[in-house]
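Work through the exercises below with the sequence and the 3D view at hand. Try each task before you read its solution.

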Amino acid sequence: MSIEIKTQIPGPKSISLMEERKKHVARGPFHTTPIFIEKAHGAHVWDVDGNKLLDFASGIGVVNVGHTPKELVEAITEQAGKNIHSSINVLAYEGYVRLSEKINNAIPGDFHKKSFLCNSGAEAVENAIKIARSFTKRQAVIAFDHAYHGRTYMAMSLTSKVNFYKHGFAPFNSEVYRAPFPYQYRCPSCSGSCENTPSINQSSDTKNDLNSRFEAKCEPCFSQFAHMVNSQIGAQNVAAVIVEPVLGEGGFLPVPKGYMKELRKFCTDNGILLILDEIQSGFGRTGKMFAVDHYDIVPDLMTLAKGLGGGMPIAAVAGRADVMDAPPEGGIGGTYCGNPVACAAGLAVFDMFEKDNGKLLEHSEKIGKLIHDKFLFWMETYNCIGDVRGIGPMQAMEFVKDRNTKEPDKELTGKIAKYCYENGVVTITAGTFGNVMRLLVPLVITEEELMEGLNVIEKAIQFASK
Ligand SMILES: Cc1ncc(COP(=O)(O)O)c(C=O)c1O
């Protein structure tokens, strides 16, 4: 057993620090747990009260290579001793160029690619839209229901969920349009009656059902998308469609493969850029380097962040060189963009994925299967689980009050997450209805650690659904 519980969680030091936090820190930034941590390594965190917990959240899908791996810490330390900041806009440094090169070689497309580095996911999204508008000389941007793209004004405008991401912050940016997402469990086009909606009574065919779900075209949803473009915007006015190949905050919903193909074709036919937001799904999270590697399509641009820096704040827009070069010199940038220490971290992250012939990705795929099988087994055992989905280790369960009505059970989901951290496993929830538990384990987690954490989650489901 790797979890060590020494006090109630939260312990007295965490409780006292939380009181201080309330006094000194704005209330806006939320906490999914009331825990303050002291240090972290691998798949574990140690709180200020000496409890050792398993981290199944990875700082919201960031420490994919694990907490504080030796290679990453060394790269950061070495770079910090040489140059912490000179601003790429004033004095250039090799790390920025090398990291851009790495990203360009890693993303799909057999054409010339270029990258732009910045500081956060939201900033990457902002810049992707600026670049797309500059290239196409068009204004409209299409995003999807349940999407999450960040908290700055354009990113927030593209984000779908109102509470608490958007409430009170209007007006939002203009020329942002929203299309229905092919949410197969809660199909927006046919109220759950189409062939792609999973059966409620799970059977031994569940696995096959799930495979065919991923292959689906979701024609009714795609027709709605095309109708929306043609009737409300005019395809010739659309600069870009931005989509997460697997919705992150939206509850780990993969875009079905057939639908993605149609979307790519529609964009190509109409001179619209397809931007894949892989900020959460990138860097091994789905068992491959990027979620797009599960699809037979090539996007025009991609946005990357989170796993890219292994915990250091760095993000990127990357893709077609002709598109990336549309803004004039000075048109995009920022004081801290592509900070040298963060670039060194990004290069170390790539090294870790490349080492031992890509063993980390192999491991990621393996743990993905273990999680998926466990979730499927639970779905057959516990009625409160209405749906299980995801790609690789990016897996989620949706909790419902009743499998027939599919009424979301946010309260139960919260209870499960609370039981988990009180018993040594940090998890986070997701979904527009707050009823999804998503796993974002550090990909270096061992099978034993994974099973230990999953056992706690199962006990939490039993406890909460009693
Ligand atoms: C898909 C996606 N896009 C954009 C963002 C925003 O990234 P950041 O929080 O670094 O601004 C996130 C963050 O969760 C995300 O998951």
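A polar contact here is a pair of N or O atoms within 3.5 Å. The model is predicted.

**Exercise 1. The ligand**

Task: List the residues that surround the ligand, and find polar contacts to it.

Solution:
- Step 1. Collect the shell. S120, G121, A122, Y148, H149, G150, E244, E249, D277, I279, Q280 and K306 surround the ligand.
- Step 2. Sort the shell by type. It holds 3 nonpolar, 5 polar and 4 charged residues.
- Step 3. Check the side chain of Q280. One of its N or O atoms is 2.8 Å from an oxygen atom of the ligand.
- Step 4. Check the backbone. A polar backbone atom of A122 lies 2.8 Å from a ligand oxygen. For Y148, a backbone N or O atom is 3.4 Å from a ligand nitrogen.
- Step 5. Assess the cover. On its own the ligand has 390 Å² of accessible area, and the protein covers 83% of that.

**Exercise 2. Helix 1**

Task: Test the length of helix 1 (residues 12-24), then find its buried side.

Solution:
- Step 1. Work out the expected span. The 13 residues, at 1.5 Å each, should span 18 Å.
- Step 2. Compare. The end C-alpha atoms are 19 Å apart, which agrees.
- Step 3. Pick out the buried residues, those under 20% relative accessible area. In helix 1 they are S14, M18 and R21.
- Step 4. Place them around the axis. Their arc is only 55°, so they sit on the same side of helix 1.
- Step 5. Explain the spacing. An α-helix has 3.6 residues a turn, so residues three or four places apart point the same way.
- Step 6. Turn to the face away from the buried side. The exposed residues there are P12, K13, K23 and H24.

**Exercise 3. Helix 8**

Task: Repeat the analysis for helix 8 (residues 219-233).

Solution:
- Step 1. Check the length. Helix 8 has 15 residues and reaches 20 Å from first to last C-alpha, close to the expected 21 Å.
- Step 2. List the buried residues: C221, F222, F225, A226, M228, V229 and I233.
- Step 3. Find their arc. It is only 150°, which puts them on the same side of helix 8.
- Step 4. Look at the other side. E219, H227 and N230 are exposed there.

**Exercise 4. A loop residue**

Task: Is Q184 buried or exposed? Which backbone oxygen does its side chain reach?

Solution:
- Step 1. Locate Q184. It lies in the loop between strand 6 (176-179) and helix 7 (206-215).
- Step 2. Apply the cut-off. The relative accessible area of Q184 is 9%, so Q184 is buried.
- Step 3. Follow the side chain of Q184. It reaches the backbone oxygen of R213 at 2.8 Å.
- Step 4. Compare chain and space. Q184 and F214 are 30 residues apart along the chain, and their C-alpha atoms are separated by 9.5 Å.

Definitions and conventions
Residues are numbered from 1 along each chain as its sequence is written. This is a predicted model: local features need pLDDT of at least 70, side-chain atom pairs count only at pLDDT 80 or more; totals for chains, interfaces and linings use all residues. Side-chain values use heavy atoms; hydrogens and water are left out. Helices (H or I, at least four residues) and strands (E, at least two) are DSSP runs, numbered from the N terminus. The expected span of a helix is 1.5 Å times one less than its number of residues. Buried means under 20% relative accessible area, exposed over 50%, partly exposed in between (1.4 Å probe, protein chains only). The arc is that of the directions from the helix axis to the C-beta atoms. A residue is near a molecule or strand if one of its heavy atoms lies within 4 Å of it. A polar contact is a pair of N or O atoms within 3.5 Å; within protein, one must be able to donate a hydrogen and the other to accept it, and residues adjacent in sequence count only if both atoms are side-chain atoms. Accessible areas come from the Shrake-Rupley method with a 1.4 Å probe; for residues, only the protein chains shown count as cover. Ala, Val, Leu, Ile, Met, Phe, Trp, Tyr, Cys and Pro count as nonpolar, Asp, Glu, Lys and Arg as charged, and the others, Gly among them, as polar.
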